[in-house]
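Dear colleague,

I am passing on a structure that I have been going through, and I would be glad if you could look at it alongside the notes below.

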Amino acid sequence: MAQKLVPEAKQGLAKFKNDVATEMGVPFSDYNGNLTSKQCGSVGGEMVKRMVEQYESKIK
C-alpha cells in the first residue's frame, strides 16, 4: 500500500465530498453500493471542477 503524503487531508476531502453530494442531492453514506456510477461520478466531477476553479482563482 502506498504511503499517504498528507494523512490529514483524508478527513477534509471526506467532508468536501459529503458537502458536494448533499448540495447535488446524492445520498452519500458509509455504504454507497446502492448508488449509480453516474451519481458517484457526478460528485467526483463536481469536486474536481471546484478544486480547479479554486486553484485558478489563486494563481490569477
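What follows is a description of the fold, the core and the charged pairs.

The model is a predicted one, in which local features need pLDDT of at least 70 and side-chain atom pairs count only at pLDDT 80 or more, while totals for chains, interfaces and linings use all residues. Residues are numbered from 1 along each chain as its sequence is written, and side-chain values use heavy atoms, with hydrogens and water left out.

Overall fold

The secondary structure of the chain consists of two helices and zero strands, where helices (H or I, at least four residues) and strands (E, at least two) are DSSP runs numbered from the N terminus. The C-alpha atoms occupy a box of roughly 40 × 30 × 15 Å along the principal axes. The radius of gyration of the chain is 13 Å, whereas a compact globule of 60 residues would have one near 10 Å; this radius is taken over C-alpha atoms, and the globule rule is 2.2 Å times the number of residues to the power 0.38. Of the 60 residues, 13% count as buried, with buried meaning under 20% relative accessible area, exposed over 50%, and partly exposed in between (1.4 Å probe, protein chains only).

The two helices

The 16 residues of α1 should span 22 Å at 1.5 Å a residue, and its end C-alpha atoms are indeed 22 Å apart; the expected span of a helix is 1.5 Å times one less than its number of residues. Just after α1, Gly-25 takes a positive phi of about 80°. Helix α2 has 23 residues and reaches 33 Å from its first C-alpha to its last, which is close to the 33 Å expected at 1.5 Å a residue. The buried residues of α2 are Val-43, Glu-46 and Met-47, and what covers them includes α1.

The nonpolar core

The largest nonpolar core has seven residues, namely Val-20, Ala-21, Val-26, Phe-28, Leu-35, Val-43 and Met-47. Such a core is a set of buried Ala, Val, Leu, Ile, Met, Phe, Trp, Tyr and Cys residues joined through side-chain atoms within 4.5 Å. Helices α1 (9–24) and α2 (37–59) each supply at least two residues of this core.

Leaving aside residues up to four places away in sequence, Val-26 touches Ala-21, Leu-35, Gln-39 and Val-43, a contact being heavy atoms within 4.5 Å. Met-47, which is found in helix α2, counts as buried because its relative accessibility is 12%. With the same sequence neighbours set aside, that is, residues up to four places away, Met-47 touches Leu-13, Phe-16, Lys-17 and Val-20. The C-alpha atoms of Met-47 and Thr-22, which are 25 residues apart along the chain, are separated by 12 Å.

Salt bridges

How many salt bridges does the structure hold? The structure holds three, a salt bridge being a side-chain nitrogen of Lys or Arg within 4 Å of a carboxyl oxygen of Asp or Glu.

One of them joins Asp-19 to Lys-15, with the closest N and O atoms 2.9 Å apart. Both of these residues, Asp-19 and Lys-15, lie in helix α1, four residues apart, or about one turn of the helix. Asp-19 is partly exposed, with a relative accessible area of 33%, whereas Lys-15 counts as exposed at 52% relative accessibility.

Another salt bridge is formed by Glu-23 and Arg-50, whose closest N and O atoms are 2.7 Å apart. Glu-23 lies in helix α1 and Arg-50 in helix α2, so the pair ties together parts that are 27 residues apart in sequence. Glu-23 is exposed, with a relative accessible area of 56%, while Arg-50 counts as partly exposed at 25% relative accessibility.

Arg-50 also forms a salt bridge with Glu-46, the closest N and O atoms being 2.9 Å apart, and both residues of that pair lie in helix α2, four residues apart, about one turn of the helix. Glu-23, Glu-46 and Arg-50 are thus linked in a network of salt bridges. Apart from residues up to four places away in sequence, Glu-46 touches Val-20 and Met-24.

With best regards
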